[in-house]
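The following paragraphs take the reader through one protein structure, beginning in the interior and then turning to charged pairs. It may help to keep the coordinates open while reading.

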Amino acid sequence: MSIKVGIAPDSWGVWFPEHEKQTPWYRCMDEMKVAGYDGVELGPWGYFPNTNPMLKHALEARSLKLVAGTVGTDFLDDAAVDECLKTIDDIAALLKDFDEAKYIVLLPAMYTDLETGEQVMDPNLTDEQWATYCKNVQRAADRVASHGLIGTFHPHVDCHVQTEEQIERLLNDTDVQLCFDTGHHVYGGGEPISFYRKHADRIPYIHLKDCDLAVKAEMDRNHWSFAKAVTEDIMVEPGKGSIDFSELYEALVENNYDGWCVVEQDLFPVKSFDLPLPIAKRGRENLSKAGF
């Protein structure tokens, strides 16, 4: 078995394909290598170059491996999912040029606005809506599989699949696999290590993220949105929050985990473009101490 560690543009405050408050892509990619990581995710489609040979040359120049792509959509909206399937086709066409890139992360739409925190959808689903949601998650995963890749659903803060109960319901009602994000799992009230051990056979791909539960408690008291909580550092580098990454590493070894673990840290918007690199370095050092 081999556990390899990569990082995503999220750790440089990248939530959108383009935004004036985001680190330029070439600086982000440079600093990913400097921070000590071996692989990267594409992040929002269109942030990094999404054509070859441009992307391939940029990664090779920095000795970085491409690990996965990401696509987001509202799984309650059939028309939005139709468009998502086309994007999956585009991402898959790009990934075929990279040996390590086996995954497309399926990211659900949040029911709060990423920038303002305003509620934009009802957080509760009827049984009929749940059936639509599961149907469309399955459609997306099947489309990824049609390209010989693995579609991994990403439970997420302020989404309709966030808590352990909701995740297990999705696992029961579909055959999709998970991109298991440890920080989002903690945020949703779960315990990631025991959950991983229980569902390891459905978790081929992992995001390593840590959550500061003291900030989460303050968030709950003050009714902050996730967008506000991020500006108060609710998500921290691995090893600084509530998760025992040494124990997580042991759990991965026990289950013969073979593949990539990708670090993510929600930082949007970064107060300075100089901020992410030292944080990413500390996170890599902490993970090394934990065995990764």
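Which residues of the largest nonpolar core touch the most other members? In this predicted model, the largest nonpolar core holds 86 residues, and those that touch the most other members are I104, I234 and F292. Among the contributors to this core, helix α3, which spans residues 78–95, gives the most, with eight residues. As general background, nonpolar side chains in soluble globular proteins tend to be buried together.

The surroundings of I234 can be followed residue by residue: once its neighbours within four places in sequence are left aside, I234 is in contact with Y187, with D210, C211 and D212, with V215, K216 and M219, and with F226 and A229. Apart from the largest core lies another core, made up of nine residues, including Y103, C179, W260 and V262.

From the cores we turn to the charged side chains, for which a search of the whole structure finds 19 salt bridges. One of them joins K4 to E100, with the closest N and O atoms 3.1 Å apart. Because K4 lies in strand β1 (residues 3–7) while E100 lies in the loop between α3 and β4 (103–108), this pair ties together parts that are 96 residues apart in sequence. How exposed are the two partners, K4 and E100? K4 has a relative accessibility of 25% and so counts as partly exposed, and E100, at 25% relative accessibility, likewise counts as partly exposed.

Helix α3, already met as a contributor to the largest core, also carries D82, whose side chain meets that of R139 in a salt bridge with an N to O distance of 2.6 Å. Since R139 belongs to helix α4 (residues 127–146), the pair links distant parts of the chain, 57 residues apart. D82 counts as partly exposed because its relative accessibility is 36%, a value between the limits of 20% and 50%, and R139, with a relative accessible area of 26%, is partly exposed as well.

A further salt bridge pairs D97 with K96, and here the closest N and O atoms are 3.4 Å apart. The two partners fall into separate exposure classes: D97 is partly exposed, with a relative accessible area of 31%, whereas K96, at 62% relative accessibility, counts as exposed, the cut-off being over 50%.

Finally, salt bridges may also join into a network, and in this model D181, K209, E264 and D266 are linked in that way.

How values were computed. Residues are numbered from 1 along each chain as its sequence is written. This is a predicted model: local features need pLDDT of at least 70, side-chain atom pairs count only at pLDDT 80 or more; totals for chains, interfaces and linings use all residues. Side-chain values use heavy atoms; hydrogens and water are left out. A nonpolar core is a set of buried Ala, Val, Leu, Ile, Met, Phe, Trp, Tyr and Cys residues joined through side-chain atoms within 4.5 Å. Buried means under 20% relative accessible area, exposed over 50%, partly exposed in between (1.4 Å probe, protein chains only). Helices (H or I, at least four residues) and strands (E, at least two) are DSSP runs, numbered from the N terminus. Contact means heavy atoms within 4.5 Å. A salt bridge is a side-chain nitrogen of Lys or Arg within 4 Å of a carboxyl oxygen of Asp or Glu.
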